[in-house]
Each structure stands twice: as structure tokens, then as C-alpha cells.
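The following exercises introduce a protein structure step by step. Please attempt each task before reading its solution.

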Amino acid sequence: MKQAFGKLSDGTEANLWTLENENVMMQVTDFGAALVSLKDKKTGIDIVQGFADVKGYEDTRGICFGASIGRTANRTAKGRFTLNGKEYQLFINNNGNSLHGGEYGFDRKLFAGKEEGNSVVFTRLSPDGEENYPGNLEVKITYTLLADGVSILSEGTPDADTLFSYTNHTYFNLEQSESILDHQLMIPAEYYALSDENGMMREIPVPVEETPFDFRKFTAIGARIDADDEQIRFGAGYDHWYPVAGEGMRLMADLKSEKEELIVESDFPGVHIYTSNWFDGYNGKYGVFYPKRSSIALEASYQPNAINYETAVKPVVRAGETLTHEIRFRVKAL
């Protein structure tokens, strides 16, 4: 079902699509091709932070609630990369680096949307030179309602070699509460990427063993989030990328509260976790306030700054080819 979702500041109307089955309800909007709601009908809990209309999304620029991120998710060091011998300079918007697509990334764009069966398909042409990326890039984001959640399929097809490093930036709280600290998190990763003081992930991941970043067993997010650890201090909490061993669709993260479980699966190389450490406080849906550490983003993605690291899988898509990845968010009442 399609309905109005309010107007953007320039007067453009945004839309909201609602799809549901006997188990789950999903809502998505064409502004930022964003996930607005994901509700488990058994508990009635909407586990996605967001707003009642599009104004909330437009007014929280840079926070990226539920948004599709591109062309490049996360940070690119000094906003620079070289492709086919040519150097490109991106917009600097985060401590000397380029973050989440630049000045006006996909999260700020209005996509064309269409309902197709149990899916909503968002499309957009990212023109050659947008945010200084090369090539025209046809972007397609397909949200499909599953029996127990949602699948997000990202596809990028350019007419010249370019980068396409997608992620979905949903913030989750499984209790519709003001804190994520009592949620239990599991990440099946032996390593994590170190950050520098500006939030840039370094190239070679290090073992999680005997660090506050070891989530191989379910651990409360708040248990070590204020540990006396340089990496915790750099990010004011968790803001780090984990390589997840294996290929194809596999478990990236598992999040639990007393009533709900969220399972994140993907075929991306890893997952970035961010515990909303820099939230200023936002008035969200259902009258719930979103302060610092009220949610966690579980961003299946390429390694941050991958294009500039020799050892990383690079998010390069060649002219005429299509780069495709999938993210699944599955919910389960406990």
C-alpha cells in the first residue's frame, strides 16, 4: 500500500509503502530509499528507529536513519581514491575524510518507487560526476518482504568503471526504548578493524581476543562500552568494522532483547557496528526519544576505505557490469 509521507523542504512529496503478511510489517520510503519500520506482529514491537513523516528524515541530515548509503558507505581517507590511474577527490565531511557518499549522498536523494508483488523497488540514476564519482550509475534497491523480515537487494550498473559500496543504515532498538545497552549482541568474527582518532578504519584487522570488541558470545552492549580502551575512546563507544569469514549469505550479527531477536545476514565482506554514540537526541516515532546510545546500526558492507587498501576486497564495478549484494534483517519473537 502506498501513501503520502509528507513534503520535503522544496515542496516535493515523499511516499511511504507498507507491506505485511501474517508475521511481519515493513514500511519504506522513497526519500533515501530508507527502511522506516519493521514490526514483528507477535510482539507488536517496531524495531526500527525513525519518524512519522519525511520531515524527520530530512531534518536529521548526516544521521541517515534507515537510509540507503552510496555511492560509498563509511569513510574514504582524505576523500581520495585512484581508479584506472586517475585520482578523484571527494567531498570532505567527517574529520578530514569523506563519509557515506559525500555532501549529498543517496540518503538525501528521492528515488523512484514502485510496488511489485511483495517487494518495493527503488531506482535512481546517479549521474556522472555526482559527488565527483566517475560514470553514470543505475542504482536499484529492492526491499522484499520475507516470512520473517526483509531482504534488501542492492544493484549498481555503470557506463564507466566506478565505485559502488552500498549499505543500509537502519538503527535498531528491539524494545522501542531509550537505551541499547542491555541488548545482547553476537558477531561471529575473530577480528576487528582498528580506528584512528578521526574514525578511519585501518587496513589490517586485529584479533578481538581479550578486548572489549569480542562479541563471539552473546554479550550486553553496555558491558564494556565505557572500557578504558583507546579504541572505545576514539569512537565514544563502538564504531568499528568486523570482517566476517566465509562467502555468500551468512550470519553477520545477532541481536537480542528479552522479547525480540534480530538476525542480520549478508554476502558483504563484513559488518560495521555503530552504537549511536553521537546522537544529540531526536523525537522519534511513537513519542520515543532517541538519545545517545539508544540504538545500534548493523551495517553489512565492504571494509571502510577498501579502495585504498591493498588487502581489502575493492568495491569496483566495471562498465556494463552489475554489482549486487543482499542484506537480510530477520525478526523472531522470544
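A contact is counted when heavy atoms lie within 4.5 Å. This is a predicted model, in which local features need pLDDT of at least 70, side-chain atom pairs count only at pLDDT 80 or more, and totals for chains, interfaces and linings use all residues. Residues are numbered from 1 along each chain as its sequence is written, and side-chain values use heavy atoms, with hydrogens and water left out.

**Exercise 1. Describe the surroundings of N168.**

Step 1. Locate the residue. N168 belongs to strand β16; helices (H or I, at least four residues) and strands (E, at least two) are DSSP runs, numbered from the N terminus.

Step 2. Classify its exposure. Buried means under 20% relative accessible area, exposed over 50%, and partly exposed in between, with a 1.4 Å probe and protein chains only. N168 has a relative accessible area of 1%, so it is buried.

Step 3. List the contacts. Apart from neighbours within four places in sequence, N168 touches L35, G66, A67, Y143, I152, E299, I327 and F329.

Step 4. Find the polar contacts. A polar contact is a pair of N or O atoms within 3.5 Å; within protein, one must be able to donate a hydrogen and the other to accept it, and residues adjacent in sequence count only if both atoms are side-chain atoms. The side chains of N168 and T170 are joined by such a contact of 2.6 Å. In addition, a polar atom of the N168 side chain lies 3.3 Å from the backbone oxygen of G66.

**Exercise 2. Determine how the strands that hold Y143 and I152 are arranged.**

Step 1. Identify the bridge. I152, in β14, is the bridge partner of Y143.

Step 2. Extend this to the strands. Two strands pair if DSSP finds at least two bridges between them. Strand β13 (residues 137-146) and strand β14 (residues 149-158) are antiparallel and share ten bridges.

Step 3. Place the pair in its sheet. The order β11-β12-β13-β14-β30-β24-β23-β18-β21 describes an open sheet of nine strands with antiparallel pairing. At its edges are β11 (112-116) and β21 (219-220), each of which pairs on one side only.

**Exercise 3. Is A34 buried or exposed, and which residues does A34 contact?**

Step 1. A34 is found in strand β4, which covers residues 34-40.

Step 2. Its relative accessibility is 1%, so A34 counts as buried.

Step 3. Beyond its neighbours within four places in sequence, A34 is in contact with Q27, V28, T29, F65, G66, A67 and Y143.

Step 4. For S165, the same reading begins in the loop between β15 (162-163) and β16 (167-169). S165 is buried, at 3% relative accessible area. Its contacts, leaving aside neighbours within four places in sequence, are I69, R71, T72, A73, Y302 and P315.

**Exercise 4. Analyse the aromatic pairs.**

Step 1. State the rule. Rings of Phe, Tyr and Trp (its six-membered ring) pair if their centres lie within 6.5 Å; planes under 30 degrees apart count as stacked, over 60 as edge-to-face and the rest as tilted. By this rule there are 23 aromatic pairs.

Step 2. Examine one pair. F5 and Y57 form a tilted pair, with 6.0 Å centre to centre and 50° between the planes. F5 lies in strand β1 (residues 2-7) and Y57 in helix α1 (residues 54-59), so this pair ties together parts that are 52 residues apart in sequence. F5 is buried at a relative accessible area of 4%, and Y57 is buried at 5%.

Step 3. Examine another. The ring centres of F65 and Y290 are 6.0 Å apart and the planes are at 35°, so the pair is tilted. Because F65 lies in the loop between α1 and β6 (67-69) and Y290 in strand β27 (residues 289-290), the pair ties together parts that are 225 residues apart in sequence.

Step 4. Combine the pairs. F5, F51, Y57, F65, Y171, Y274, F279, Y282 and Y290 are linked by ring pairs into a cluster.

**Exercise 5. Summarise the whole chain.**

Step 1. The protein chain has two helices and 30 strands.

Step 2. Of its 334 residues, 59% are buried.

Step 3. Among contacts with a separation of 6 or more, 64% join residues 24 or more positions apart.

Step 4. Along its principal axes, the C-alpha trace spans about 55 × 50 × 35 Å.
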